[in-house]
Amino acid sequence: MWNRIKKGWAIAWYQPFAVFALFFYNLLWGVVLYKLIQSVVLPLLHRYPGGALPGESVQLFWVEGQFQLMKTDLIVPYLWTGLGLLGLRMLLHPALNAGVFYSLRHGELNAGYRFMTGIRKLFLPFLGLYALQLVLSIGPFYWLAPHVAKQYAVHASYASLGQALLPALALYVAYLFLLQLLFLFLQIGKTDGRSPLYTLLFAFRHLPVIVLAALAVATLSLVLSAAVMVSSFWWAGFAALVLMQAYRLVQTFFKIWEIGTQYALWAEKA
(Lines give C-alpha, C1' and ligand atoms only; values in the text may rest on other atoms or scores of the structure.)
Protein backbone atom coordinates (compact mmCIF):
# COMPACT_ATOMS: atom_id res chain seq x y z
CA MET A 1 0.00 0.00 0.00
CA TRP A 2 2.80 2.43 0.88
CA ASN A 3 4.35 1.91 -2.54
CA ARG A 4 1.11 3.05 -4.13
CA ILE A 5 0.98 6.06 -1.82
CA LYS A 6 4.53 6.95 -2.91
CA LYS A 7 3.49 6.55 -6.54
CA GLY A 8 0.51 8.80 -5.86
CA TRP A 9 2.90 11.41 -4.44
CA ALA A 10 5.05 11.18 -7.56
CA ILE A 11 1.99 11.49 -9.80
CA ALA A 12 0.80 14.58 -7.91
CA TRP A 13 4.30 16.08 -7.96
CA TYR A 14 4.32 15.99 -11.75
CA GLN A 15 0.93 17.75 -11.97
CA PRO A 16 1.87 21.34 -11.04
CA PHE A 17 -0.56 22.86 -13.54
CA ALA A 18 -3.51 20.96 -12.08
CA VAL A 19 -2.45 21.80 -8.51
CA PHE A 20 -2.13 25.52 -9.19
CA ALA A 21 -5.33 25.58 -11.26
CA LEU A 22 -7.32 24.12 -8.36
CA PHE A 23 -5.53 26.38 -5.88
CA PHE A 24 -6.34 29.57 -7.78
CA TYR A 25 -9.90 28.37 -8.33
CA ASN A 26 -10.41 27.83 -4.59
CA LEU A 27 -8.68 31.12 -3.81
CA LEU A 28 -10.84 33.07 -6.26
CA TRP A 29 -13.98 31.32 -5.06
CA GLY A 30 -13.13 32.21 -1.45
CA VAL A 31 -12.61 35.87 -2.38
CA VAL A 32 -15.97 36.00 -4.21
CA LEU A 33 -17.81 34.49 -1.25
CA TYR A 34 -16.01 36.79 1.18
CA LYS A 35 -16.96 39.89 -0.82
CA LEU A 36 -20.56 38.69 -1.11
CA ILE A 37 -20.90 38.05 2.62
CA GLN A 38 -19.14 41.32 3.39
CA SER A 39 -21.58 43.26 1.21
CA VAL A 40 -24.47 41.79 3.23
CA VAL A 41 -23.04 41.73 6.75
CA LEU A 42 -21.27 45.11 6.92
CA PRO A 43 -24.40 47.23 6.28
CA LEU A 44 -26.19 45.25 8.99
CA LEU A 45 -23.35 45.83 11.45
CA HIS A 46 -23.42 49.57 10.74
CA ARG A 47 -27.13 49.63 11.55
CA TYR A 48 -26.87 47.44 14.67
CA PRO A 49 -27.51 49.53 17.84
CA GLY A 50 -24.44 50.19 19.93
CA GLY A 51 -24.02 49.54 23.62
CA ALA A 52 -24.88 53.15 24.48
CA LEU A 53 -28.46 52.71 23.27
CA PRO A 54 -31.16 51.07 25.42
CA GLY A 55 -32.10 47.41 25.06
CA GLU A 56 -35.35 48.31 23.29
CA SER A 57 -33.29 49.50 20.30
CA VAL A 58 -31.80 46.03 19.87
CA GLN A 59 -35.24 44.42 20.04
CA LEU A 60 -36.56 46.94 17.51
CA PHE A 61 -33.62 46.10 15.21
CA TRP A 62 -34.48 42.38 15.23
CA VAL A 63 -38.22 43.02 14.80
CA GLU A 64 -37.54 45.29 11.84
CA GLY A 65 -35.21 42.69 10.31
CA GLN A 66 -37.80 39.94 10.71
CA PHE A 67 -40.46 42.13 9.12
CA GLN A 68 -38.27 42.92 6.11
CA LEU A 69 -37.42 39.25 5.61
CA MET A 70 -41.00 38.00 5.93
CA LYS A 71 -43.02 40.82 4.40
CA THR A 72 -40.76 42.28 1.70
CA ASP A 73 -38.65 40.98 -1.19
CA LEU A 74 -35.41 42.23 0.36
CA ILE A 75 -33.86 38.76 0.42
CA VAL A 76 -34.84 37.82 -3.15
CA PRO A 77 -31.76 39.32 -4.90
CA TYR A 78 -29.47 37.58 -2.42
CA LEU A 79 -31.26 34.27 -2.97
CA TRP A 80 -30.87 34.57 -6.73
CA THR A 81 -27.20 35.49 -6.32
CA GLY A 82 -26.63 32.49 -4.06
CA LEU A 83 -28.42 30.14 -6.45
CA GLY A 84 -26.42 31.53 -9.36
CA LEU A 85 -23.13 30.97 -7.54
CA LEU A 86 -24.24 27.46 -6.55
CA GLY A 87 -25.11 26.66 -10.16
CA LEU A 88 -21.78 28.06 -11.35
CA ARG A 89 -19.89 25.94 -8.83
CA MET A 90 -21.83 22.83 -9.90
CA LEU A 91 -20.59 23.48 -13.44
CA LEU A 92 -17.00 24.37 -12.57
CA HIS A 93 -16.41 21.45 -10.18
CA PRO A 94 -16.86 18.62 -12.74
CA ALA A 95 -15.05 20.69 -15.38
CA LEU A 96 -11.96 21.00 -13.20
CA ASN A 97 -12.17 17.33 -12.24
CA ALA A 98 -12.26 16.45 -15.94
CA GLY A 99 -9.05 18.42 -16.48
CA VAL A 100 -7.33 16.79 -13.48
CA PHE A 101 -8.23 13.20 -14.33
CA TYR A 102 -7.37 13.62 -17.99
CA SER A 103 -4.01 15.09 -16.95
CA LEU A 104 -3.29 12.01 -14.84
CA ARG A 105 -4.13 9.71 -17.74
CA HIS A 106 -2.16 11.61 -20.42
CA GLY A 107 1.00 12.71 -18.70
CA GLU A 108 2.90 12.67 -21.99
CA LEU A 109 1.02 15.74 -23.27
CA ASN A 110 1.68 19.39 -22.47
CA ALA A 111 0.31 20.28 -19.03
CA GLY A 112 -2.01 23.11 -20.02
CA TYR A 113 -3.10 21.40 -23.22
CA ARG A 114 -4.06 18.12 -21.56
CA PHE A 115 -5.93 19.96 -18.79
CA MET A 116 -8.06 21.95 -21.24
CA THR A 117 -8.51 18.90 -23.49
CA GLY A 118 -9.83 16.95 -20.53
CA ILE A 119 -12.40 19.67 -19.84
CA ARG A 120 -13.47 19.67 -23.48
CA LYS A 121 -13.75 15.88 -23.81
CA LEU A 122 -14.97 14.80 -20.38
CA PHE A 123 -17.01 17.71 -19.07
CA LEU A 124 -20.45 16.31 -19.94
CA PRO A 125 -19.81 12.75 -18.61
CA PHE A 126 -18.27 14.19 -15.44
CA LEU A 127 -21.21 16.57 -15.04
CA GLY A 128 -23.57 13.59 -15.19
CA LEU A 129 -21.52 11.70 -12.60
CA TYR A 130 -21.43 14.77 -10.36
CA ALA A 131 -25.21 15.18 -10.58
CA LEU A 132 -25.75 11.48 -9.78
CA GLN A 133 -23.36 11.68 -6.83
CA LEU A 134 -25.20 14.75 -5.53
CA VAL A 135 -28.55 12.95 -5.74
CA LEU A 136 -27.17 9.88 -3.95
CA SER A 137 -25.60 12.11 -1.29
CA ILE A 138 -28.87 13.87 -0.55
CA GLY A 139 -30.99 10.70 -0.82
CA PRO A 140 -30.43 9.43 2.77
CA PHE A 141 -32.03 12.62 4.12
CA TYR A 142 -35.37 11.01 3.20
CA TRP A 143 -34.79 8.66 6.15
CA LEU A 144 -32.40 10.80 8.20
CA ALA A 145 -34.59 13.92 8.48
CA PRO A 146 -37.60 12.12 10.10
CA HIS A 147 -35.20 10.32 12.44
CA VAL A 148 -33.65 13.63 13.53
CA ALA A 149 -37.10 15.18 14.05
CA LYS A 150 -38.24 12.20 16.11
CA GLN A 151 -35.15 12.26 18.32
CA TYR A 152 -35.43 16.04 18.74
CA ALA A 153 -38.97 15.61 20.07
CA VAL A 154 -38.06 13.05 22.75
CA HIS A 155 -34.76 14.46 24.08
CA ALA A 156 -34.63 17.35 26.52
CA SER A 157 -30.97 18.36 26.08
CA TYR A 158 -28.63 18.82 23.15
CA ALA A 159 -26.13 16.43 24.75
CA SER A 160 -28.58 13.53 24.83
CA LEU A 161 -29.81 14.45 21.35
CA GLY A 162 -26.23 14.35 20.03
CA GLN A 163 -25.63 10.93 21.60
CA ALA A 164 -28.84 9.58 20.07
CA LEU A 165 -27.99 10.92 16.61
CA LEU A 166 -24.32 9.91 16.68
CA PRO A 167 -24.75 6.38 15.20
CA ALA A 168 -26.92 7.61 12.33
CA LEU A 169 -24.57 10.52 11.59
CA ALA A 170 -21.55 8.20 11.71
CA LEU A 171 -23.21 5.86 9.21
CA TYR A 172 -24.04 8.81 6.97
CA VAL A 173 -20.44 10.10 7.05
CA ALA A 174 -19.15 6.59 6.23
CA TYR A 175 -21.69 6.39 3.40
CA LEU A 176 -20.49 9.72 1.96
CA PHE A 177 -16.87 8.60 2.26
CA LEU A 178 -17.48 5.36 0.35
CA LEU A 179 -19.66 7.14 -2.19
CA GLN A 180 -16.91 9.64 -2.88
CA LEU A 181 -14.39 6.84 -3.43
CA LEU A 182 -16.73 4.97 -5.79
CA PHE A 183 -17.34 8.06 -7.89
CA LEU A 184 -13.64 8.85 -7.88
CA PHE A 185 -13.06 5.48 -9.55
CA LEU A 186 -15.98 6.01 -11.90
CA GLN A 187 -14.21 9.16 -13.08
CA ILE A 188 -10.92 7.28 -13.42
CA GLY A 189 -12.66 4.54 -15.36
CA LYS A 190 -14.42 7.01 -17.64
CA THR A 191 -11.10 8.72 -18.36
CA ASP A 192 -9.58 5.34 -19.18
CA GLY A 193 -12.48 4.34 -21.46
CA ARG A 194 -13.84 1.62 -19.17
CA SER A 195 -17.51 0.87 -18.63
CA PRO A 196 -19.17 1.85 -15.34
CA LEU A 197 -19.90 -1.83 -14.58
CA TYR A 198 -16.23 -2.78 -14.96
CA THR A 199 -15.18 0.15 -12.79
CA LEU A 200 -17.67 -0.64 -10.02
CA LEU A 201 -16.64 -4.30 -9.97
CA PHE A 202 -13.00 -3.23 -9.78
CA ALA A 203 -13.75 -0.83 -6.91
CA PHE A 204 -15.71 -3.40 -4.90
CA ARG A 205 -13.03 -6.04 -5.49
CA HIS A 206 -10.28 -3.79 -4.13
CA LEU A 207 -12.40 -1.81 -1.65
CA PRO A 208 -10.32 -2.60 1.50
CA VAL A 209 -7.10 -1.42 -0.15
CA ILE A 210 -8.85 1.64 -1.60
CA VAL A 211 -10.25 2.63 1.80
CA LEU A 212 -6.93 2.10 3.60
CA ALA A 213 -5.05 4.23 1.07
CA ALA A 214 -7.64 7.01 1.29
CA LEU A 215 -7.55 6.94 5.10
CA ALA A 216 -3.75 7.05 5.12
CA VAL A 217 -3.60 10.17 2.94
CA ALA A 218 -6.50 11.74 4.86
CA THR A 219 -4.68 11.12 8.14
CA LEU A 220 -1.56 12.85 6.84
CA SER A 221 -3.71 15.75 5.70
CA LEU A 222 -5.34 16.00 9.15
CA VAL A 223 -1.92 16.00 10.83
CA LEU A 224 -0.84 18.85 8.58
CA SER A 225 -4.07 20.74 9.31
CA ALA A 226 -3.55 20.33 13.05
CA ALA A 227 0.04 21.58 12.76
CA VAL A 228 -1.11 24.68 10.86
CA MET A 229 -3.86 25.39 13.39
CA VAL A 230 -1.40 25.13 16.28
CA SER A 231 1.07 27.39 14.48
CA SER A 232 -1.64 30.01 13.91
CA PHE A 233 -1.96 30.38 17.71
CA TRP A 234 1.72 31.29 17.96
CA TRP A 235 2.10 33.45 14.87
CA ALA A 236 0.01 36.44 13.92
CA GLY A 237 -0.17 39.14 11.30
CA PHE A 238 1.40 38.77 7.87
CA ALA A 239 3.29 35.58 8.77
CA ALA A 240 0.03 33.84 9.67
CA LEU A 241 -1.55 35.01 6.40
CA VAL A 242 1.36 33.63 4.36
CA LEU A 243 1.21 30.36 6.31
CA MET A 244 -2.52 29.96 5.67
CA GLN A 245 -2.15 30.56 1.92
CA ALA A 246 0.76 28.11 1.75
CA TYR A 247 -1.40 25.62 3.64
CA ARG A 248 -4.18 26.04 1.06
CA LEU A 249 -1.70 25.22 -1.67
CA VAL A 250 -0.43 22.16 0.18
CA GLN A 251 -4.02 21.10 0.88
CA THR A 252 -4.74 21.24 -2.85
CA PHE A 253 -1.64 19.12 -3.47
CA PHE A 254 -2.98 16.58 -0.98
CA LYS A 255 -6.22 16.34 -2.96
CA ILE A 256 -4.27 15.57 -6.12
CA TRP A 257 -2.15 13.14 -4.10
CA GLU A 258 -5.26 11.28 -2.94
CA ILE A 259 -6.48 10.99 -6.53
CA GLY A 260 -3.00 9.98 -7.71
CA THR A 261 -2.79 7.25 -5.08
CA GLN A 262 -6.04 5.69 -6.25
CA TYR A 263 -4.97 6.12 -9.87
CA ALA A 264 -1.73 4.25 -9.09
CA LEU A 265 -3.84 1.35 -7.78
CA TRP A 266 -5.97 1.48 -10.92
CA ALA A 267 -2.93 1.53 -13.22
CA GLU A 268 -1.43 -1.45 -11.37
CA LYS A 269 -4.54 -3.64 -11.12
CA ALA A 270 -6.74 -2.67 -14.05
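Student: Which residue just after helix 7 takes a positive phi?
Tutor: That is Gly193, with a phi of about 80°. Keep in mind as we talk that this is a predicted model.

Student: How do you know whether the span of helix 7 agrees with its number of residues?
Tutor: Compare two values. Helix 7 covers residues 158-191, and at 1.5 Å a residue its 34 residues should span 50 Å. The C-alpha atoms at its ends are 46 Å apart, so the two values agree.

Student: Where does helix 7 bend, and by how much?
Tutor: The bend is at Leu166 and comes to about 45°. A proline, Pro167, follows within four residues.

Student: Is Gln151 called buried or exposed, and why?
Tutor: Set the value against the cut-off: buried means under 20% relative accessible area. Gln151 has 15%, so Gln151 counts as buried. This residue sits in helix 6, residues 141-154. Neighbours within four places in sequence aside, its contacts are Leu161, Ala164 and Leu165.

Student: And Thr199, buried or exposed?
Tutor: Use the cut-off of 20% again. The relative accessible area of Thr199 is 2%, so Thr199 is buried. You will find Thr199 in helix 8, residues 196-205. Again leaving out neighbours within four places in sequence, Thr199 touches Phe185, Leu186, Gly189, Arg194 and Trp266.

Student: What makes Leu83 count as buried or exposed?
Tutor: Here the other cut-off matters, since exposed means over 50%. Leu83 reaches 52%, and therefore counts as exposed. Leu83 lies in helix 4, residues 76-105. It also belongs to a nonpolar surface patch with Ile75, Val76, Tyr78, Leu79, Trp80 and Leu86, and together these residues have about 710 Å² of accessible area.

Student: What is Arg248 called, going by its relative accessible area?
Tutor: The value is 40%, which falls between the cut-offs of 20% and 50%, so Arg248 is partly exposed. Arg248 is in helix 10, residues 238-269. Its C-alpha atom is 7.1 Å from that of Phe23, although the two residues are 225 apart along the chain.

Student: How do you know that Asp192 and Arg105 form a salt bridge?
Tutor: Start with the idea: side chains of opposite charge can pair when their charged atoms come close. The cut-off is a nitrogen within 4 Å of a carboxyl oxygen. For Asp192 and Arg105, the closest N and O atoms are 2.6 Å apart, so the pair qualifies. The two residues come from distant parts of the chain: Asp192 is in the loop between helix 7 and helix 8, while Arg105 is in helix 4, 87 residues apart. Asp192, at 25%, counts as partly exposed, and so does Arg105, at 33%.

Student: How many salt bridges does a search of the whole structure find?
Tutor: The search finds 2. Besides the pair we just discussed, Lys269 and Glu268 meet in a salt bridge, at 4.0 Å from N to O. Lys269 has 42% relative accessibility and counts as partly exposed; Glu268, also at 42%, is partly exposed as well.

Student: How many helices and strands does the protein chain have?
Tutor: The chain has 10 helices and 0 strands. Of its 270 residues, 30% count as buried.

Student: What share of the contacts between residues at least 6 apart in sequence joins residues at least 24 apart?
Tutor: That share is 74%. As for the outside, the chain exposes about 17200 Å², with carbon and sulfur atoms supplying 73% of that area.

Technical notes
Residues numbered from 1 in each chain as written. Predicted model: local features only at pLDDT ≥ 70, side-chain atom pairs only at ≥ 80, totals over all residues. Heavy atoms only, no water. Patch = residues over 30% accessible without salt bridge, like charges linked within 9 Å, V, L, I, M, F, W, Y side chains within 5 Å. Areas by Shrake-Rupley, 256 points an atom, 1.4 Å probe, with all protein chains shown as cover. Salt bridge = Lys/Arg side-chain N within 4 Å of Asp/Glu carboxyl O. Buried < 20%, exposed > 50% of the residue type's maximum accessible area, 1.4 Å probe, protein only. Expected span 1.5 Å × (residues − 1). Bend = angle between axes of the 7 residues up to and from the residue. Contact = heavy atoms within 4.5 Å.
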